[in-house]
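Trainee: Got a minute to go through this one with me? I'd like to start with the empty space inside and work outwards.

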Amino acid sequence: MALAFDEYGRPFIILREQDQKTRLRGLDAQKANIAAGKAVARILRTSLGPKGMDKMLQSPDGEVTITNDGATILEQMDVDNQIGKLMVELSRSQDYEIGDGTTGVVVMAGSLLEQAEKLLERGIHPIRIAEGYEVASRIAFEHLEHIANKFEFSAANVEPLIQTCMTTLSSKIVNRCKRSLAEIAVKAVLAVADLERRDVNLDLIKVEGKVGGKLEDTELIYGIIVDKDMSHPQMPKQIADANIAILTCPFEPPKPKTKHKVDIDTVEKFQTLRQQEQKYFDDMVQKCKDVGATLVICQWGFDDEANHLLMNRDLPAIRWVGGVELELIAIATGGRIVPRFQELTTEKLGKAGLVREKAFGTTKDRMIYIEHCANSRAVTIFIRGGNKMMIEETKRSIHDALCVARNLIRNKSIVYGGGSAEISCSIAVEAAADKYPGVEQYAIRAFADALDAIPMALAENSGLQPIETLSAVKSQQIKENNSYCGIDCNDVGTNDMREQNVFETLIGKQQQILLATQVVKMILKIDDVISPSDY
């Protein structure tokens, strides 16, 4: 060990272990990085498309997740390699921005890396490959806009939206009732959408799940569901035209902030204290009655005495409701959240057409439904299913469908799915490569080959002959000069994706190509990897 001093005279130690760090340089580093990226992409490749396989992931505490959502698989996988982590982030950013296409984007990046490896072996400089990829991604981006179709939908005609959501759900475990789930997702998005501003706030859509029942029992509620029951079993289970007081103050006597001690030495003093407490409760309940509330929703608990009083005074109440739920109830019913009893007024009450308590099956599980609200801009999708894993996976699938519907409201353009858009882009990029005289044209051609990976994976996962199917579809597209021939994954008997109603959002596809290209460029530019020694 050597001792050195910094400019302020403070000693610090230089370790001799520096030489124990592992270091990869030049082509070795690039190949190692490409291998790591390809390994992650290979895992996801089998779960692409309607016939894609699911992955089962077990967390360290024994919780099991079954999913084929790319972002979820990569989130749950414990990836150590830095390049592997880049792929995880790539999938996550696609999930945050678009919500769908998280598997495709990783498969695309893996395929671009695979093509880059071949070019590196031929001695082409990584920067030239990256530049070629950039040019090619721009060509593909513009070509997508060129082949995109705009479709018009209105609140009356939502069929195009439902068809696109069904395409998203067809690759999930819930594809047997994709029609009903797609309808639920579209109705939910349209209920909270601001069609003038073309904006959708997905926070207003609450997705709740409860084990039991079957997937077909999933329903859309124009209101809020709270996983609580009435605070007293004898309170009424159904309230029509409810005026709801939403409180964040507890139903109990106020406690002084400072340390205090009450000395009680006679029975009279105890009686006085008890009466005083009772008066507090009386005033609180009376206050709620005076403003005209017919239901109290409280964030905190009640004293038993308060509960008994509420019951006697015919004022149903729900306690221990979470903060997020309170906010949603306030938005839906048009009420205000009241922090003190003194501030409770009639104007601050929320209005709901019907509040009911519903029991499920033979269990003692109950939930409160708050429906027909004054402002129906907050809705709930209530999912039922045979087990917890199924419900979690359905939640993820519904999230994807909601995101797709939102993207279509923002931008009405669609491209056809089934790999048709990728094949069409591949043909366009291949044709454009001839215009570039330099080394870049090799990279542009490689990009065109990489685009074929998605239709190839679709064919492979559907049990078709991958190369044969792809070349047949490609030649058909070139011959007929159309961009909607894709892989017939479901064995319908036609390659025309318009007939099969397989749509994807334009912005989702464009984002996939841009994100995959960015990540691959970043990986190609790394030529030195220094990692700490393994102890």
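Mentor: Sure, and keep in mind that this is a predicted model. By class, the largest cavity is lined by 6 nonpolar, 1 polar and 2 charged residues.

Trainee: Which elements give two or more residues to the lining of the largest cavity?

Mentor: Start with the residues themselves: Met108, Leu144, Ala421, Glu422, Cys425, Leu451, Lys509, Gln512 and Ile513 line this cavity. Its volume is about 40 Å³. The elements that give two or more residues to that lining are helix H12 (420-433) and helix H17.

Trainee: How many residues does H6 give to the lining of the largest pocket?

Mentor: The largest pocket has 43 lining residues, and Gly49, Thr167, Ser170, Ser171 and Glu504 lie nearest its centre. Several elements give two or more residues to the lining, among them helix H4 (102-121), helix H6 (159-169) and helix H11 (388-410). H6 gives the most, and its share is 5 residues.

Trainee: And what is the volume of the largest pocket?

Mentor: Look at the lining by class before the number: 13 nonpolar, 23 polar and 7 charged residues. The volume of this pocket is about 760 Å³.

Trainee: How do the residues lining the second largest pocket divide into nonpolar, polar and charged?

Mentor: The second largest pocket has a volume of about 380 Å³. It is lined by 17 residues, and the closest to its centre are Pro254, Tyr280, Met284, Phe341 and Gln342. By class, that lining divides into 8 nonpolar, 2 polar and 7 charged.

Trainee: Let's move to the strands. Which are the edge strands of the open sheet with the order S6-S19-S20?

Mentor: That sheet has 3 strands with antiparallel pairing. Strand S6 is joined to strand S19 (residues 413-416) by 2 bridges, and Asn149 stands opposite Ile414 in S19. An edge strand here pairs on one side only, and the two that do so are S6 (149-150) and S20 (503-505).

Trainee: Now the rings. Why is the pair of Tyr369 and Phe382 edge-to-face or stacked?

Mentor: The structure holds 4 aromatic pairs. In this one, the ring centres are 6.3 Å apart and the planes stand at 80 degrees. Planes over 60 degrees apart count as edge-to-face and those under 30 as stacked, so Tyr369 and Phe382 are edge-to-face.

Trainee: How many residues apart in sequence are the parts that this pair ties together?

Mentor: Both Tyr369 and Phe382 are buried. Tyr369 lies in strand S17 (residues 366-373) and Phe382 in strand S18 (residues 379-385), so the parts tied together are 13 residues apart.

Trainee: Which charged residue sits over the ring of Tyr369?

Mentor: Tyr369 has its ring paired with that of Phe382. A charged end also sits over the Tyr369 ring, 4.4 Å from its centre, and it belongs to Arg356.

Trainee: Which residues form one aromatic cluster?

Mentor: Begin with Tyr416, which is buried at 10% relative accessible area, and Tyr484, which is partly exposed at 21%. The dividing value for buried is under 20%, so the two fall in separate classes. One aromatic cluster is formed by Tyr416, Tyr484 and Phe503.

Trainee: What is the phi of Asp241?

Mentor: Most residues other than glycine have a negative phi. Asp241 is found in strand S12 (residues 238-247) and counts as exposed at 61% relative accessibility. Its phi is positive, near 45 degrees.

Trainee: Where does Asp314, with its positive phi, lie?

Mentor: Asp314 is not a glycine, yet its phi is about 55 degrees. At 60% relative accessibility, Asp314 counts as exposed. You'll find Asp314 in the loop between helix H9 (304-312) and strand S14 (317-318).

Trainee: Last one: how far apart in space are Glu460 and Gly52?

Mentor: Glu460 has its place in helix H14, and at 42% relative accessibility it counts as partly exposed. In sequence, Glu460 and Gly52 are 408 residues apart. In space, C-alpha to C-alpha, the distance between Glu460 and Gly52 is 9.4 Å.

Definitions and conventions: Residues numbered from 1 in each chain as written. Predicted model: local features only at pLDDT ≥ 70, side-chain atom pairs only at ≥ 80, totals over all residues. Heavy atoms only, no water. Pairing = 2+ DSSP bridges. Helix = DSSP H or I, 4+ residues; strand = E, 2+ residues; numbered from the N terminus. Phe/Tyr/Trp six-rings, centres within 6.5 Å; stacked < 30°, edge-to-face > 60°. Buried < 20%, exposed > 50% of the residue type's maximum accessible area, 1.4 Å probe, protein only. Lys NZ or Arg CZ within 6 Å of the ring centre and 35° of its normal. 1 Å grid on protein atoms, 1.4 Å probe; cavity = no way out; pocket = protein on both sides within 12 Å on 5 of 7 lines; lining within 4 Å. Points joined across faces, edges and corners; volume = space filled by probe spheres on them. Nonpolar A, V, L, I, M, F, W, Y, C, P; charged D, E, K, R; others polar.
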